[in-house]
Amino acid sequence: MHALTDTIVAPITAVGGAVAVLRLSGSNAWRIAQAVSGATPIPGGARYVRYRHGDDGIATLFAKGRSYTGEEVAEISCHGSAVSVRTLVESCIGAGARPAMPGEFTLRAFMNGRLDLTQAEGVRDTVEALTGAQLRQASLLRSGALLREIRALRERLIGSIASIEASVDFSDEVGELDREALATQVAVVESEVASLLGSAAGARLVREGLTVAIIGRPNAGKSSLFNRVLRSDRAIVTAQPGTTRDTLRETIEHEGMAVTLLDTAGLRPASDEVERIGVARSMESAQGADVVWHVFDATQGPDGGDGDLATQRPTILVANKSDLLADGVRSKAGIPVSALTGDGIPALLRATVGTVESGPGLVNSRHRPLLEEAALALRDASQGIADGVPDDLAAVCLHSAVRCLGEITGEAASPDILQRVFQDFCIGK
Ligand SMILES: Nc1nc2c(ncn2[C@@H]2O[C@H](COP(=O)(O)OP(=O)(O)OP(=O)(O)O)[C@@H](O)[C@H]2O)c(=O)[nH]1
Ligand SMILES: [Mg+2]
């Protein structure tokens, strides 16, 4: 890791816009902004500046303690062409800055106590959000909603540990430990940790979205359905069975949730090597999906040799080509849809989202194992208190739960945990 005392620079806007903004952070930020622009920008305000390399823009200075990173910061804008951005970055480096590492602005904000690890994750999730639900969830995390909950639980446990330690060390003054009160305190924390864990699965679906594998026999209309739901001609459709070979993947937003659709090769005994690989990939897609759409031709029914398509995943039977059924005839099974006319697609999407439990929640895949470990330690503590183990043994379990909660917020985080959190940030965050 590079020195945290360097002044760093990176564009904080995406390429391709009309305007770009560079952020300089560190003790020389203002001096470097001044060196590249020749003007004296106004502390705490924005000022029009002309850069030595030819472009111009606005410089905004933030004082130490009043910026995103907590350090002295200058944000300087220029026009968004790649050459203007590159030249301005190079000028800043020439004046003493170093290129920022991915996530380094947010790492510095964390180091300076501007945010905790869960809020840093909220920053990353906000930048990466694709749907309205993801944006709301990320903003809640960024606002410190999980931090406050975890910190409150941690403080309660620290209080319990203190009461145990006081009764061990100063039993003459504070008297015997009130084991019943202690058991109640631990039980409350235990149930709150359990409820956080209970929200994790739903939160994952909002965060990562839902993956749907479309499988079925050749010619059932899988690719047609895929195209219809995407509203584009993404996949090749022909009347010839065995058209799709490679798995295709596209994401849409449905009612705030990211839904990734996988179009797969029709399942049948393969006639050549390419098809054999395609069929194997179809089964792999199905095993990895949250939901499977098992598509069949409504004029034939699902039983036409489709029995071998069973997967372990929640499966929705989809009776496609319902437009070919005679008036008044209903498909024997499944949700009737027509990829040709679009009939039944809204009902299919509703049923799909209905098979999974998705809900607001702030727990991510890093927090989850730590919460599980805390829950185990709390269970051991409760058990110990009920069984009358020595008080300091119960305290050991509580200490371990406190450490897990501290790793979530970063109050007790080692350098490798920090590296894991910040490594998947992009440059400029
Ligand atoms: N009438 C009607 N025809 C459809 C419908 N959906 C698909 N088809 C036709 O069925 C044929 C096969 O469609 P595809 O979408 O290629 O089927 P597939 O399941 O992807 O087939 P493979 O990729 O070979 O496994 C094409 O001729 C489509 O035009 C539908 O809802 N109604
Ligand atoms: Mg196909």
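Which residues come nearest to ligand 1, out of the 24 around ligand 1? Keep that in mind while you look at the picture; I'll give you the answer right now, and then we'll walk through the rest. The nearest ones are G221, S223, S224, T244 and G266. One caution before going on: this is a predicted model.

Okay, staying with the ligand for a moment. If you sort the shell around ligand 1 by residue type, you get 12 polar, 9 nonpolar and 3 charged residues. And which helix gives the most to that shell? That's α10, residues 222-230, with 3 residues. Hold on to α10, since we'll meet that helix again.

Let's zoom out. The protein has 15 helices and 12 strands. Its radius of gyration is 29 Å, whereas the globule rule gives 22 Å for 429 residues, so the protein is more spread out than a compact globule. Along the principal axes, the C-alpha trace spans about 80 × 75 × 40 Å.

How is the chain divided up? The domain assignment gives domain 1 as 8-100, domain 2 as 145-199 + 363-410, and domain 3 as 206-355. Between the C-alpha centres of domain 1 and domain 3 there are 51 Å.

Now, the sheets. Start with the one whose order is β8-β9-β7-β10-β11-β12: an open sheet of 6 strands with mixed pairing. At its edges you find β8 (248-254) and β12 (335-336), and each has a single partner strand, so one side of each has no neighbour in the sheet. And here's α10 again: this helix packs on the sheet, touching β7, β8, β9 (257-263), β10 and β11 (315-320). The direction of α10 makes about 155° with that of β9.

Further into that sheet, strand β7 (residues 210-216) and strand β10 (residues 291-297) pair in the parallel sense, over 5 bridges. If you want a spot to click on, take G216, whose bridge partner in β10 is V295. There's also helix α11, residues 273-288, lying across β7, β9 and β10 and running at about 145° to β7.

On to the other sheet I'd like to show you. Again 6 strands form an open sheet with mixed pairing, this time in the order β3-β4-β5-β2-β1-β6. Which strands are at the edges here? They're β3 and β6 (98-99), each pairing on one side only.

Inside this sheet, β2 (residues 19-25) and β5 (residues 73-79) run antiparallel, joined by 7 bridges. One of the pairs to look for is L24 with its bridge partner A74 in β5. Helix α1, residues 29-37, packs on the sheet and touches β2, β3, β4 and β5, its direction making about 30° with that of β5.

Last stop: the β3 and β4 hairpin. Strand β3 (residues 46-50) and strand β4 (residues 56-62) run antiparallel too, with 5 bridges joining them. R47 stands opposite A59 in β4. There are 5 residues between the strands of this hairpin, and G54 takes a positive phi near 120°.

That's the tour. Happy to scroll back to any part of it.

Definitions and conventions
Residues numbered from 1 in each chain as written. Chains lettered and ligands numbered in written order. Predicted model: local features only at pLDDT ≥ 70, side-chain atom pairs only at ≥ 80, totals over all residues. Domains from an automatic or database assignment. Near = placed C-beta within 6 Å. Helix = DSSP H or I, 4+ residues; strand = E, 2+ residues; numbered from the N terminus. Nonpolar A, V, L, I, M, F, W, Y, C, P; charged D, E, K, R; others polar. Pairing = 2+ DSSP bridges. Contact = placed C-beta atoms within 7 Å. Axes fitted to C-alpha atoms, helices over the stretch in contact; angles between N-to-C directions. Rg over C-alpha atoms; globule rule 2.2 N^0.38 Å.
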